[in-house]
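Student: I should like to learn how the features of a protein model are read. May we go through them one at a time?

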Amino acid sequence: MPKYKEPLFRPPAEADSMIFQVSHGCPHNTCCFCGMYKGIPHSIRSQEEVLAEFEEYAEIYPQTRRIFLADGDVMALPFETLRMYLDHLNTVFPFLARVNVYSNGSSILQKSASQLRELRKLKLTTLYMGLESGAQQLLDLVNKKENVRDMIKAVNLAQDEGFRCSVMILIGLGGRKFSSLHAVNTALALNAMQPRLLSALRFVEVPNTTMFDEYETLPEYDGVIELRRIISRLELNKTVFRANHTSNPVPLEGRFPHDKEKLISILTEQLESGQLDHKGPGITPLFL
Ligand code: SF4
């Protein structure tokens with residue numbers, strides 16, 4: 001693998017992908033709940049350096065099929081840069097099947113439909129997008145500079161052009177006070193998006209996160225109620241759902257619409273088991 005500038009993040013599904021860092025950090029870096037790139041100034045690597053790295057690793061691993069381009073919101077790169085990188089990857093990796101990136105909704109909308117089509121033809125495939133919450137009031141409170149309506153538009157546009165959008169939501173982001181608002185609006189936004197992939201992660205306060213004043217950690221039990229509220233409101237036609245990240249107290253996996261009732265009963269069973277923490281956040285995830 002290439003030499004990385006730490007920290008390096010990738011979605012769990014990219015564990016087997018070849019990763020190239022075409023930029024460092026996140027071009028936004030304002031979300032108070034996210035400690036991923038705090039203190040890391042955003043920078044874009046020189047194109048010569050990146051292209052040379054593609055060539056070097058194509059010689060060592062010519063069989064590579066899956067590539068992930070890091071770091072945060074690589075979709076924010078100018079269209080011409082993305083096209084040139086994808087073009088080059090297609091040339092030097094003869095077995096390339098897909099290239100995936102983190103992407104904010106606003107960065108998708110900066111591209112026209114025909115530009116998106118072109119990137120898709122060059123095997124850009126899965127766009128990982130953090131919706132976090134469908135409640136605009138909450139996104140504003142956590143300083144995520146994205147608009148819910150625009151994120152819905154972005155996912156619809158990208159999926160119309162053949163992309164797979166993998167959307168992430170954060171259970172407990174609103175704490176006790178906004179749990180209900182968060183659940184109701186997140187389900188509404190997801191129903192309007194119809195993402196092909198959906199992941200629910202539990203929000204955990206990590207170093208470098210500073211939540212809004214009224215924030216009060218959601219106990220584990222209430223987090224499971226929140227997730228059940230969201231799932232019971234979801235009307236998804238064709239979505240693979242995962243809540244099996246180490247942060248989740250109840251690991252879940254299924255397909256919508258087929259597994260909806262099963263997912264709800266697993267959560268109900270857990271809520272009735274007496275094993276969930278009513279006072280504290282529950283187990284500490286493995287990454288902490
Ligand atoms: S949540 Fe995404 S957009 Fe916000 S600071 Fe973290 S990486 Fe950047």
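Tutor: We may begin with strand pairing: two strands pair if DSSP finds at least two bridges between them. Please bear in mind throughout that this is a predicted model.

Student: Which residue of β10 is the bridge partner of Ala 243?

Tutor: The partner of Ala 243 is Leu 252, in β10. That bridge belongs to the pairing of β9 with strand β10 (residues 252-256), which is antiparallel and has 5 bridges.

Student: In which sense do β8 and β9 run, and how many bridges join them?

Tutor: Strand β8 (residues 197-202) runs parallel to β9, and 3 bridges join the two. Ser 199, for instance, has Arg 242 of β9 as its bridge partner. Between these strands the chain passes through α8, making a β-α-β crossover that is right-handed.

Student: Is β9 mostly covered or mostly open?

Tutor: For this one needs a cut-off: a residue is buried under 20% relative accessible area, exposed over 50%, and partly exposed in between. In strand β9 (residues 239-243), 4 of the 5 residues are buried, and the strand is thus described as mostly covered.

Student: Let us turn to salt bridges. How many does a search of the whole structure find?

Tutor: A salt bridge requires a side-chain nitrogen of Lys or Arg within 4 Å of a carboxyl oxygen of Asp or Glu. The search finds 10 in the whole structure. One of them involves the strands just discussed, as the side chains of Arg 242 and Glu 253 meet at 3.3 Å, N to O. Arg 242 lies in strand β9 and Glu 253 in strand β10, so this pair ties together parts 11 residues apart in sequence. Arg 242 is partly exposed, with a relative accessible area of 34%, and Glu 253 is also partly exposed, at 47%.

Student: Which parts of the chain does the salt bridge between Lys 177 and Glu 214 link?

Tutor: The closest N and O atoms of Lys 177 and Glu 214 are 2.9 Å apart. The pair links distant parts of the chain: Lys 177 is in the loop between β7 (164-171) and α7 (179-193), whereas Glu 214 is in the loop between β8 and α8, and 37 residues separate them. Lys 177 counts as exposed at 53% relative accessibility, while Glu 214 counts as partly exposed at 38%.

Student: Which residues are linked with Arg 45 in a network of salt bridges?

Tutor: The network links Arg 45, Glu 49 and Glu 53. Within the salt bridge of Arg 45 and Glu 49, the closest N and O atoms are 3.1 Å apart. Arg 45 is buried, with a relative accessible area of 12%, but Glu 49 is partly exposed at 44%.

Student: How does one find empty space inside a model, and how many cavities of 30 Å³ or more are counted here?

Tutor: Rolling a probe the size of a water molecule over the atoms shows where empty space is left. In this structure the count comes to 2 cavities of 30 Å³ or more. The largest has about 80 Å³ of space, and the residues lining it include Ile 171, Arg 202, Glu 220 and Leu 267. Helix α8 (residues 220-233) gives the most to this lining, with 4 residues. By class, the lining of the largest cavity has 6 nonpolar, 2 polar and 2 charged residues.

Student: What volume does the second largest cavity have, and which residues line it?

Tutor: Its volume is about 30 Å³. The second largest cavity is lined by His 28, Thr 30, Cys 31, Asn 104, Lys 144, Lys 145 and Glu 146. By class, these comprise 1 nonpolar, 3 polar and 3 charged residues.

Student: Finally, which features of the backbone deserve notice?

Tutor: Most residues other than glycine have a negative phi, and most peptide bonds are trans. Here, the bond from Ala 70 to Asp 71 is cis, with omega near 5°; Asp 71 is in the loop between β4 (66-70) and α2 (79-92). A cis bond also joins Phe 256 and Pro 257, with omega about 5°, and Pro 257 is in the loop between β10 and α9 (260-272).

Student: What is the phi of Lys 123, and what is that of Asn 143?

Tutor: Lys 123 has a positive phi, near 75°, and is found in the loop between α4 (113-121) and β6 (124-132). Asn 143 has a positive phi of about 65° and is found in the loop between α5 (136-141) and α6 (148-160).

Methods
Residues numbered from 1 in each chain as written. Predicted model: local features only at pLDDT ≥ 70, side-chain atom pairs only at ≥ 80, totals over all residues. Heavy atoms only, no water. 1 Å grid on protein atoms, 1.4 Å probe; cavity = no way out; pocket = protein on both sides within 12 Å on 5 of 7 lines; lining within 4 Å. Points joined across faces, edges and corners; volume = space filled by probe spheres on them. Nonpolar A, V, L, I, M, F, W, Y, C, P; charged D, E, K, R; others polar. Buried < 20%, exposed > 50% of the residue type's maximum accessible area, 1.4 Å probe, protein only. Right-handed = clockwise from strand over helix to strand, strands pointing away.
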